[in-house]
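Please open the model in your viewer, keep the sequence panel beside it, and follow the selections below in the order they are given.

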Amino acid sequence: MSEPHDPISKAHQQSLPVDAVTPESLALKRVEQELRVSWKDGQASVFPAFRLRKNCPCAACRTEREKDTGSLLPILKTSPDDIKLTSAQLVGSYAIQLFWSDGHDTGIFDFRYLRALDDAS
Ligand SMILES: [Zn+2]
């Protein structure tokens, strides 16, 4: 596994303490459509599914976002409400992979990226 090249995650790979990027517990709430993370440093994060999908770090979604940023009228192809988070799976000890109802499963959220996403809200 190489370092992620995504500029967003790269920018956030600053010197966050290890405890701040180590989850103590992870819970996917399918009914609420939320991912809840308790971090070792005591912070608790709640990520609504649509927000995770909007910030999906996979190459395809990043390309889509870059295209949208460049256009004056970004077109939402699918309403985020129609896409459900169906399951999640740990990837080694550094990331979580999310599975969506539309079959999308290439988004691997490393914990530094997740934490940075929460701190950015
Ligand atoms: Zn994606």
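Begin by selecting strand 1 together with strand 2, which pair in the antiparallel sense over 6 bridges. Within this pair, look for Pro-23, which stands opposite Trp-39 in strand 2. As you move through the tour, bear in mind that this is a predicted model, with a mean pLDDT of 85 for the chain and 79% of its residues at 70 or more. Colouring by confidence will show strand 2 as the element with the highest mean, at 98, whereas helix 1 (residues 7-11) has the lowest, at a mean of 51. Where pLDDT is low, the predicted coordinates should not be read in detail.

Now select the loop between strand 1 and strand 2, where Gln-33 lies. The phi of Gln-33 is near 55°, a positive value in a residue other than glycine. Is Gln-33 buried or exposed by the count of C-beta atoms around it? It falls in between: Gln-33 is partly exposed, because 18 other C-beta atoms lie within 10 Å, and a buried residue would need 20 or more.

Extend the selection to strand 3 (residues 44-48), which pairs with strand 2 (residues 34-39) in the antiparallel sense over 5 bridges. Here Leu-35 stands opposite Phe-47 in strand 3. In the hairpin of these two strands, with 4 residues between them, Gly-42 takes a positive phi near 100°. Seen together, the three strands form an open sheet with the order 1-2-3 and antiparallel pairing. Its edge strands are strand 1 (23-29) and strand 3, each of which pairs on one side only, and neighbouring strands of this sheet are turned by 15° against each other on average, direction ignored.

Next, hide that sheet and select strand 4 (residues 85-91) with strand 5 (residues 95-100), which run antiparallel and are joined by 6 bridges. Two bridge partners are worth labelling: Leu-85 has Trp-100 as its partner in strand 5, and Leu-90 has Ile-96 in the same role, also in strand 5. The hairpin of strand 4 and strand 5 has 3 residues between the strands, and Gly-92 there takes a positive phi near 55°.

Adding strand 6 (residues 108-110) completes a second selection of 3 strands, an open sheet in the order 4-5-6 with antiparallel pairing. The edge strands are strand 4 and strand 6, each pairing on one side only, and the neighbouring strands of this sheet are turned by 25° against each other on average, direction ignored.

Stay with strand 6 and select Phe-109, which is found there. Why does Phe-109 count as buried? The reason is that 24 other C-beta atoms lie within 10 Å of Phe-109, which satisfies the cut-off of 20 or more. Leaving aside residues up to four places away in sequence, Phe-109 touches Leu-52, Pro-57, Ala-95, Ile-96, Leu-98 and Leu-114. A distance label between the C-alpha atoms of Phe-109 and Leu-90, which are 19 residues apart along the chain, should read 9.6 Å.

From Phe-109, widen the selection to the largest nonpolar core, which has 12 residues in all: Leu-35, Phe-47, Ala-49, Leu-52, Leu-85, Ile-96, Leu-98, Phe-109, Tyr-113, Leu-114, Ala-116 and Leu-117. Helix 2 (49-54), strand 5 and helix 4 (111-119) each supply at least two residues of this core, and helix 4 gives the most, with 4 residues. Now show helix 4 as a cartoon, and you will find that helix 4 lies across strand 5 and strand 6, running at about 75° to strand 6.

Finally, clear the selection and view the whole chain, which has 4 helices and 6 strands. Read along the sequence, these elements follow the pattern α-β-β-β-α-α-β-β-β-α. Buried residues make up 17% of the 121 residues in the chain. If you display a contact map beside the model, consider the contacts with a separation of 6 or more, of which 44% are accounted for by residues 24 or more positions apart.

Key. Residues are numbered from 1 along each chain as its sequence is written. This is a predicted model: local features need pLDDT of at least 70, side-chain atom pairs count only at pLDDT 80 or more; totals for chains, interfaces and linings use all residues. Two strands pair if DSSP finds at least two bridges between them. A nonpolar core is a set of buried Ala, Val, Leu, Ile, Met, Phe, Trp, Tyr and Cys residues joined through C-beta atoms within 7 Å. Two residues are in contact if their C-beta atoms, placed from the backbone, lie within 7 Å. Axes are lines fitted to C-alpha atoms, for helices over the stretch in contact, and angles run from 0 to 180 degrees between N-to-C directions. pLDDT is the predictor's confidence in each residue, from 0 to 100.
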